[in-house]
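These are my notebook entries on a single chain. I set down here what I looked up, entry by entry.

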Amino acid sequence: MSGDHDDAVISRQVRLLESLLEDKGIVGGDTVDEVIDGFLAGASPLNGAKVVARAWTDPAFKERLLADGAAAVAELGFASGGVQHQRLRVAENTESVHNVIVCTLCSCYPLRLLGPSPGWYKSEAYRSRVVREPRAVLAEFGVTLPEEVRITVWDSSAETRYMVLPRRPAGSGDLGEAELAELVTRNGLIGTALV
Ligand code: FE
C-alpha cells in the first residue's frame, strides 16, 4: 500500500532529521518525543464531541466549521493536523444525508479530534466494504437508515481529513453544551453511529 510505504519513507526522514537536530545541539534528545507525546495525549474523541456540541448550539460556529473545518476547530484550541497543514472537511448529517468516513488507501484519520483510530477502521474489510456497500456495513454497526436517506462516503487523503457532524438528537433541547458533548461518541464522529 502506498500509504504505508510513504509512512516508512517519512519515518526514516524524520529520524534522520531528528538525529541531525540533536547532533547540532538544536534540540535536546527528549524534546521531539515530548512534543509527540503531548500531541497524542491531547488526541481524544472528547475533542470532536466538543466541536459537535458547539456546532449544535452556535449556528455561526457551525457555518464556519462547515466552510473551513481546520480554522473552526482551531478556535476551540484543536489543531487538526500534526506538523503539516491538513484540511479538515466536516460533513453534516441531515434528514436526507448520512455521512461516513474511511481511508481506503491506509488509515488517515483526524487523530486530534477522534483519538487513536479503532482497529476496524484500519481493517481491509471496512476500508473496502464501506465504499461498496455502506448500507450493509452501517447495519452491522446497528445503524439502519431509511431507504430514502442517501449515504455519502468520504475517502481521506494525506491532505484532507474528514469528521462527521451528527444530527442533534431529538429531545435534547434543554441540554447545555457540556451535556450535549457527552452524547457524542467516536463512532458518531466516524459515521458508524447516529450520534
Ligand atoms: Fe490513510
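I looked up cysteine 103 and found it buried, with a relative accessible area of 0%; buried means under 20% relative accessible area, exposed over 50%, and partly exposed in between, with a 1.4 Å probe and protein chains only. The model is predicted, so I note that local features need pLDDT of at least 70 and side-chain atom pairs count only at pLDDT 80 or more, while totals for chains, interfaces and linings use all residues. Residues are numbered from 1 along each chain as its sequence is written, and side-chain values use heavy atoms, with hydrogens and water left out.

I then turned to the iron ion. Its coordination comes from Cys103 (SG), Cys106 (SG), Cys108 (N) and Cys108 (SG), at 2.1 to 2.6 Å. Donors are N, O and S atoms within 2.8 Å of the metal (3.2 Å for Na, K and Ca), and sites may look incomplete because water is not among the atoms. I recorded the sequence spacing of the donor residues as C-x2-C-x1-C. Cysteine 108 also counts as buried, at 12% relative accessibility.

Why is the arrangement around the iron ion irregular? The four donor atoms subtend angles of 80 to 134 degrees, whereas four donors count as tetrahedral if all angles lie between 85 and 135 degrees, and as square planar if opposite donors are over 155 degrees apart and all others between 65 and 115.

My last entry concerns serine 117, which counts as buried at 17% relative accessibility. Leaving aside neighbours within four places in sequence, I found serine 117 in contact (heavy atoms within 4.5 Å) with Tyr109 and Lys122.

Definitions and conventions
Tetrahedral: all angles 85-135°; square planar, octahedral: opposite > 155°, others 65-115°.
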